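Colleague: I'm new to this one, so please skip the grand tour. Take me through the packed inside, slowly, one piece at a time.

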Amino acid sequence: TTAEFQLAKSYYLKNDFTESNKLLTELYSKMPEDTFTLFFYCRVKYALGDTTKALAINDQLMQLAPTSYYAYWNKALFYHQSGRFAQAVPYYESAFKYGYRDRGIINLVINYYSGLGQNDKAAEIRKYISGSQITLHKQFTGNFYSHSAQRIIESKCLFILNYYQINHFY
């Protein structure tokens, strides 16, 4: 199953979500509590438009690994991509709490709070940048903030996410 997982992951990385889904569905039936399988399986389901299944699988991942940032990061990305950034923010914050340190995403959240005039909250999030190792991850890109206050930073955010998507993966 290690070979099947690596093949499924390869398909995922090449954006061949249909082939990846076939393999991950089979792996999930064999190992429903394997966190690596769950991580990619929920992402593939989301990419294929099955958001209900993606969220359910991600919730299972969250239950199995409650102190790992991966499930929180996924859920944040799912909300972020669907244009619901305000709903994504608490999940990004949980991901930060458990070790996620992507400076671009941290800055998105800081700018979000600053745009709402919540500078104390922005300062609280800023602590995750100072003195921490930055881990770069491949990002899904998607819709950004719906609030007019964030429109000014939208193009910068898109550039950051696209840059990471093209150049980085964990």
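Modeller: Let's start with a word we'll keep using: a residue is buried when its relative accessible area is under 20%, exposed when over 50%, and partly exposed in between (1.4 Å probe, protein chains only). By that rule His80 counts as buried, because its relative accessibility is just 3%. Keep in mind that this is a predicted model, where local features need pLDDT of at least 70 and side-chain atom pairs pLDDT 80 or more, while totals for chains, interfaces and linings use all residues. Residues are numbered from 1 along each chain as its sequence is written, and side-chain values use heavy atoms, with hydrogens and water left out.

First, the setting. The protein chain has nine helices and zero strands (DSSP runs numbered from the N terminus: H or I of at least four residues for helices, E of at least two for strands). Of its 170 residues, 42% are buried. Contacts (heavy atoms within 4.5 Å) often reach far along the sequence: among those with a separation of 6 or more, 56% join residues 24 or more positions apart.

Now to the inside itself. The largest nonpolar core (buried Ala, Val, Leu, Ile, Met, Phe, Trp, Tyr and Cys joined through side-chain atoms within 4.5 Å) has 45 residues, and Trp73, Tyr92, Phe96, Val109 and Ile125 have the most contacts inside it. Each of the helices α1 to α8 supplies at least two residues of this core, but α5 (69-81) gives the most, with eight.

His80 sits in α5 too. Its side chain makes a polar contact of 2.8 Å with that of Tyr92 (N or O atoms within 3.5 Å, within protein one able to donate a hydrogen and the other to accept it; sequence neighbours count only through side-chain atoms on both sides). Tyr92 is also one of the core residues with the most contacts, as is Trp73. Over the ring of Trp73 you'll find the charged end of Arg43, 4.5 Å from the ring's centre (the rule asks for NZ of Lys or CZ of Arg within 6 Å of the centre and within 35 degrees of the ring normal).

Next, follow Phe96. Beyond its neighbours within four places in sequence, Phe96 is in contact with Arg101, Ile105, Ile106, Val109, Ile125 and Tyr128. Ile125 turns up again in the surroundings of Ile110, which touches Ala122, Ile125, Arg126 and Ile129 once residues up to four places away are set aside. Ile110 belongs to α7 and is buried, with a relative accessible area of 4%. The C-alpha atoms of Ile110 and Ala123 are 7.4 Å apart, with their positions 13 residues apart along the chain.

Rings matter for the picture as well. The whole structure holds 21 aromatic pairs (Phe, Tyr or six-membered Trp rings with centres within 6.5 Å; planes under 30 degrees apart are stacked, over 60 edge-to-face, the rest tilted). Among them, Phe85 and Tyr112 have ring centres 5.3 Å apart and planes at 65°, so they are edge-to-face. Phe85 is in α6 and Tyr112 in α7, so this pair ties together parts 27 residues apart in sequence. Both rings belong to buried residues: Phe85 has a relative accessible area of 2% and Tyr112 one of 7%.

Finally, look at α2. Its buried residues are Phe17, Ser20, Asn21, Leu23, Leu24, Leu27 and Tyr28, and their cover includes α1, α3 and α4.
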